[in-house]
Amino acid sequence: MALYLGIDVGSITTKMVVIDERDEVIADVYLRNNGRPLEAVQQGLEMISSRLSRETILDGVATTGSARHLAAYLVGSDLIKNEITAHSIAVIDLFPGAKTIFEIGGQDSKVIILRAGVVVDFAMNTVCAAGTGSFLDQQAARLGLSIEEFGRLAQRAKHPVRVAGRCTVFAETDMIHKQQIGHSIEDIIGGLCDSLVQNYLNNVCRGKEILSPVVFQGGVAANQGIRKALERELETELIIPEHFGLMGALGAAKLAKRAKPCRTQFKGFELSRKPCFTRGFECEECGNQCEVIELVVDQQVVAGWGDLCERYRTSPRPIVG
Amino acid sequence: MKVTFPHLGTMHIFCKAIAETSGIPYIVPPETSRKTFTLGVQHSNECICLPFKIILGNFIEALKMGADTIVMVGSGPPCRLGLYDLVQKVILEDMGLRYRWLTIPPRLTWQAIWKNYEETKELKKELSWKNILLFPYGLRMGWKKMMACEALEKLAMKVRPREVKKGETQRQLKKALSWVDEARSLRTLNEGLERGRVLIQETEQDPYRTPLKIAIVGELYTVMDPHINRGVEQKLGELGAEVTRTSWFSTHILRSLRKNKADQASERIRFFEASKAYLGYDVGAECNLSIGEAILRSQEGYDGVVHLMPFACMPETTASGILTRVGKDWDIPILTLILDEQEIEGRIQTLLEAFVEMLQWKRKAA
C-alpha cells in the first residue's frame with residue numbers, strides 16, 4: 001500500500017498526516033513548535049514513525065505552512081505548496097459543495113472563497129496578526145485558563161462586554177479595564193470572542209461574499225467561543241471537519257499523492273535522531289548584506305538560503321510552486 | 001559639494017549619470033538593506049508610510065558617507081509624499097546632520113522656482129562653468145540611461161515567465177544593467193544596451209508556455225522599487241506570469257513636464273476616465289489610475305491584477321476598497337498587498353503563489 005506524508009509547519013504548531021491510496025488517514029501528529037520548528041519536525045517524524053509499522057516506506061512527501069521551505073530542506077520533500085492551496089485541496093475533496101473556508105491558525109487568518117469546487121478568491125491577514133490563535137492563547141494564559149476552558153467559559157457569558165478588537169494591544173487594555181471594574185470573567189471572554197470575530201469578518205473577509213456551506217478549520221476551530229460567535233454573526237451553522245487542525249497537512253498529503261513522484265526525495269525517518277541546527281550570518285561579500293541561513297544536519301551543511309546571489313544554495317532543491 | 005539622491009528602482013543609475021557627465025561629485029547611497037530599514041524606521045515619525053522610512057534611511061546613510069547636497073523630487077498634495085521633503089528636512093536637522101536640500105518640483109511653476117531660489121544661489125557659487133555647460137549633456141545622458149534601463153527591465157518582464165532555469169533572467173538583467181551603468185559615452189551606452197538585450201534574450205526559454213498576464217498597479221514607490229515591494233515583479237515572473245506596469249520613471253517625468261507622447265498620455269487619460277464610474281473626482285496620487293487600470297486590464301483579457309500599497313497610504317487605501325468592487329463587477333481577480341516594515345516576504349510569497357495558482361485554475365476552467 002502506497003503511503004503519503006503531508007507536513008504543515010505553522011507558526012505555533014506542526015502538523016503531520018499520513019494517508020494511503022484511498023485517502024484514509026493512517027497516522028497523524030499535532031504538536032506545538034515552542035518556537036523551534038526544526039525540533040518540532042524531528043519530533044513529529046519520530047511520533048509518526050512510531051505509529052507506522054517498522055517496514056513502512058513513504059512514496060511521497062509534501063510540505064506546506066509558513067516554514068514549508070525549512071521543513072523541505074530538512075526532510076527532503078517532493079512538493080512545496082503554499083498553505084492556501086493545501087487547505088483548499090483538503091476541503092474540496094472532503095466537502096465538494098463548500099463555498100467558503102474560514103481558516104484561523106496561530107499567526108494567520110485566511111478566508112478562501114470556493115465556487116463549484118474551485119478557488120475564486122482568498123484573503124489573508126498581512127501586516128497584522130490580530131485575532132489569531134496566538135492572541136487567544138496569550139489571553140488564556142494570562143487568565144490562568146487552558147484554551148479548552150477558555151472556550152467553555154465564553155459560552156457561559158450572559159452579557160458579553162464590548163472589547164475593542166481592532167488591535168490586540170488595545171483589546172488587552174480593554175479587557176483589563178473591564179476586569180478591574182468588576183465584570184465577570186465569562187462576560188469578558190465572551191466579549192473578546194465576539195470582537196475577534198467582528199475583526200476577522202470586517203478585515204480579513206472585507207468585501208468577500210460569504211455563502212454557506214462554510215467550513216471552519218485551523219487550530220482556533222477548537223474554540224467553542226469563537227465558533228459560536230461566528231455562527232451567531234453569520235446566522236449559519238459552520239461545518240467543522242473531523243481533522244480541523246490537520247487540514248493543511250492533509251491537503252499536502254493529498255497533493256503528494258497527486259504528484260506521484262517516481263522516487264521520493266524523503267530522507268527517511270532516521271532523520272529524527274540526527275543532530276541538526278540552523279545558523280545565520282550576515283554575508284560580507286557585497287553591499288547587499290544578505291542574512292544567510294545554513295541548515296546543518298549531522299555535521300554537514302545540507303542547504304543555504306537567504307542570499308540574493310545564490311552562492312550558498314549548494315544543495316539540489318525540490319520543486320516549488 | 002557632493003550630491004546624493006534616494007534609491008528607487010534603477011533611479012541611481014541615471015541620477016549618477018547626470019552628475020558624473022556634468023562633472024559634479026556625487027555619492028550613491030548604499031543599496032537599500034536591512035540597515036537602511038532600521039535607520040529609516042528609527043528616525044521616522046509613527047504611522048508614516050514605508051517609502052518615507054526607506055528614503056530617509058537612504059539619506060542618512062549617504063550623509064554619513066560624506067554627501068552634503070540632497071536632491072529629492074517633490075510632489076503635490078493630497079498624497080503625503082508632497083510634504084516628505086519638508087518633514088525629512090526637519091528630521092535630518094534634528095539628527096545634527098548638515099546638508100543642503102534641492103527639491104525638484106513636480107511641475108515647473110513660479111512657486112517651485114521661488115522654493116529653490118535660495119539654494120540655487122548658493123549652488124551657483126560652487127558650480128564651475130564647465131559643470132553648467134556640461135549639464136545639458138548630462139541630462140541627455142541620464143535620460144538615455146533611464147530609457148535603456150526601462151527597455152531592459154521591460155524585456156526581462158517578458159522573458160522571465162518563459163525562462164527554463166529559474167532566476168536566470170534576473171541574473172542576466174543585473175549584468176545588463178551594470179553595463180548600462182558603466183557606460184561613459186552615448187556610444188558605449190548604446191553598445192551596452194544592445195549587448196544587454198541580446199544577453200537577456202539568450203536566456204534559455206520555453207517557447208510553448210502561455211504565461212498568465214498580470215498587471216501591477218498601485219502607489220508608485222511600492223510598484224517601482226523591488227526593495228520596498230520585496231521583488232513582487234520578479235516573484236510573479238518566476239511563478240510564470242507575464243507582468244506589466246505603467247509606472248515608470250519616463251511616464252512620471254513626462255507627465256510632470258506635460259510632455260507625454262500621445263499614446264502614453266492617452267493611456268493615463270483612459271485610466272482616469274475609466275475610474276469615473278466609481279470615483280467622482282481625483283483622489284490624488286495614483287488612486288484613480290489604479291482603479292481605472294484594473295478595469296481596462298480586465299477588458300484587455302488580463303488574468304489578474306496585483307495592487308501594491310504602503311500601509312496607511314491614504315489614496316491607495318481608498319483604491320483598495322473600490323477595487324474589491326471592481327474585481328466583482330468586471331470579473332477580474334485582484335490581490336491587494338499592503339507593505340510595511342515587517343519582514344513579510346514569506347507571506348507575500350505565499351499570497352502570490354496562491355494567487356497565481358488560482359488564476360491558472362480559472363484559466364483552465366474557462
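A crossing of two helices is called left-handed if the near helix is turned anticlockwise from the far one by less than a right angle, and right-handed if clockwise. With that in hand, H1(A) passes H2(A) in a right-handed crossing. Helices here are DSSP runs of H or I with at least four residues, strands are runs of E with at least two, and both are numbered from the N terminus. Everything comes from a predicted model, in which local features need pLDDT of at least 70 and side-chain atom pairs count only at pLDDT 80 or more, while totals for chains, interfaces and linings use all residues. Residues are numbered from 1 along each chain as its sequence is written, with chains lettered from A and ligands numbered from 1 in the order in which they are written.

How far can the model be trusted? A good place to begin is pLDDT, the predictor's confidence in each residue, from 0 to 100. Chain A has a mean pLDDT of 87, with 95% of its residues at 70 or more. For chain B the mean is 86, and 92% of its residues reach 70 or more. The scores for the model are ipTM 0.84 and pTM 0.87. Among the elements of chain A, strand S9 (residues 214-217) comes out highest with a mean of 96, and strand S13 (residues 300-305) lowest with 82. Then there is a weak patch: over residues 316-321 of chain A, pLDDT stays under 50, and the model has 11 contacts beyond four places in sequence for this stretch. Two residues are in contact if their C-beta atoms, placed from the backbone, lie within 7 Å.

Back to the helix pairs of chain A. Two packed helices are described by the angle between their axes and the distance between the axes. The axes are lines fitted to C-alpha atoms, for helices over the stretch in contact, and angles run from 0 to 180 degrees between N-to-C directions. For H1 (residues 37-51) and H2 (residues 68-75) of chain A, the axes come within 10 Å and cross at roughly 55°. Angles under 35 degrees count as roughly parallel, over 145 as roughly antiparallel, 65 to 115 as roughly perpendicular and the rest as oblique, so H1(A) and H2(A) are oblique to each other. On the H1(A) side the contact uses Pro37(A), Leu38(A) and Val41(A), and on the H2(A) side Leu70(A), Ala71(A), Leu74(A) and Val75(A). Sorted by class, that gives seven nonpolar, no polar and no charged residues. In this sorting, Ala, Val, Leu, Ile, Met, Phe, Trp, Tyr, Cys and Pro count as nonpolar, Asp, Glu, Lys and Arg as charged, and the others, Gly among them, as polar.

A second pair in chain A is H6 (residues 168-180) and H7 (residues 185-204), whose axes come within 10 Å and cross at roughly 155°. That makes H6(A) roughly antiparallel to H7(A), and their crossing is right-handed. Ala171(A), Met175(A), Lys178(A) and Gln179(A) of H6(A) meet Ile188(A), Leu192(A) and Ser195(A) of H7(A). This contact mixes four nonpolar residues with two polar and one charged.

Two backbone details in chain A are worth a look. The peptide bond from Ser212(A) to Pro213(A) is cis, with omega near 0°, and Pro213(A) sits in the loop between H7 and S9 of chain A. Asn34(A), in the loop between strand S3 (25-32) and H1 of chain A, has phi near 50°, a positive value in a residue other than glycine.

Moving up to domains, whose bounds come from an automatic or database domain assignment, chain A is divided into domain 1 (3-85 + 249-271) and domain 2 (96-240). Their C-alpha centres lie 28 Å apart. Five residues from domain 1 and 10 from domain 2 make the contact. Chain B is divided into domain 1 (3-127), domain 2 (144-208) and domain 3 (210-366). Here 18 residues of domain 1 touch 20 residues of domain 3.

Finally, the two chains meet through 25 residues of chain B and 19 residues of chain A. On the chain B side, helix H2 (34-43), strand S7 (334-339) and helix H15 (345-365) each give two or more residues. The largest share, 10 residues, comes from H15(B). By class, this side of chain B has 12 nonpolar, six polar and seven charged residues.
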